[in-house]
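Reader: Could you take me through one part of this model in close detail? I would enjoy a connected account of a single helix.

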Amino acid sequence: MPTQITCGQCSKPMMIREDMLGRRVRCPHCGNILIAEAAATVPPAANLSAPAGVEPGAAAPLSPPPFKLPPAPPPPPVPPPASGLPDRGTVPSFGAPVGYAPAPPAETSGLAIASLVCGIMAFMSCGFCLLPQVLAVIFGHMARSRIEASGGTLEGQGLAMAGLILGYISLVQVALLVVFAALAG
Ligand SMILES: [Zn+2]
């Protein structure tokens with residue numbers, strides 16, 4: 001299987017056989033003799049930290065020295081911001097950090113489902129139980145902010161909205177019950 005390498009002198013790509021890796025090859029464009037090293041197999045961490053740590057010219061990626069490269073320094077503690085995605089800040093989430101993992105198929109937010117279930121329970125309790133509607137409102141707001149911050153990996157806006165509405169209606173029911181009880185008493 002041929003491998004593409006880049007000439008350090010003329011910066012042009014060339015195809016070599018895989019068993020030529022680590023040996024001297026001649027660039028077909030400029031005649032430069034260079035050591036074949038597969039640039040594509042360099043791990044991304046080395047690419048990120050290499051420009052900052054090495055002295056210029058000594059270990060440029062295009063002209064690798066004939067001896068073995070020392071192990072790359074550890075990557076910087078603060079990862080660079082993900083490019084191409086809007087900056088959502090550091091949103092706490094249960095899954096992988098937003099913007100780094102390859103986008104999985106959108107899944108329904110569990111908080112949205114919990115909000116809807118609590119909203120239905122609160123609605124059916126007709127205001128005689130206070131906990132479900134409070135949970136429905138809390139879960140509904142949390143679900144909507146999570147869904148909005150997920151950048152498309154979470155869905156369930158409709159469920160969260162339904163849970164929110166049911167929760168608020170049930171809260172109004174509780175308030176009316178308290179008012180009537182006060183008037184009757
Ligand atoms: Zn060349």
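Author: Happily; let us look at helix H4, residues 157-184. H4 has 28 residues and reaches 40 Å from its first C-alpha to its last, close to the 40 Å expected at 1.5 Å a residue; that expected span is 1.5 Å times one less than the number of residues. Helices here are DSSP runs (H or I, at least four residues), as strands are (E, at least two), and both are numbered from the N terminus.

Before going further, a word on the basis: this is a predicted model, in which local features need pLDDT of at least 70 and side-chain atom pairs count only at pLDDT 80 or more, while totals for chains, interfaces and linings use all residues. Residues are numbered from 1 along each chain as its sequence is written, and side-chain values use heavy atoms, with hydrogens and water left out.

Now to the side of H4 that is covered. Its buried residues are Ala160, Gly163, Leu164, Leu166, Gly167, Ser170 and Val174. Buried means under 20% relative accessible area, exposed over 50%, and partly exposed in between (1.4 Å probe, protein chains only). An α-helix has 3.6 residues a turn, so residues three or four places apart point the same way. That is a handy thing to keep in mind while you follow the list along the helix.

What do the buried residues of H4 pack against? Their partners are helix H2 (110-124) and helix H3 (131-149), where contact means heavy atoms within 4.5 Å.
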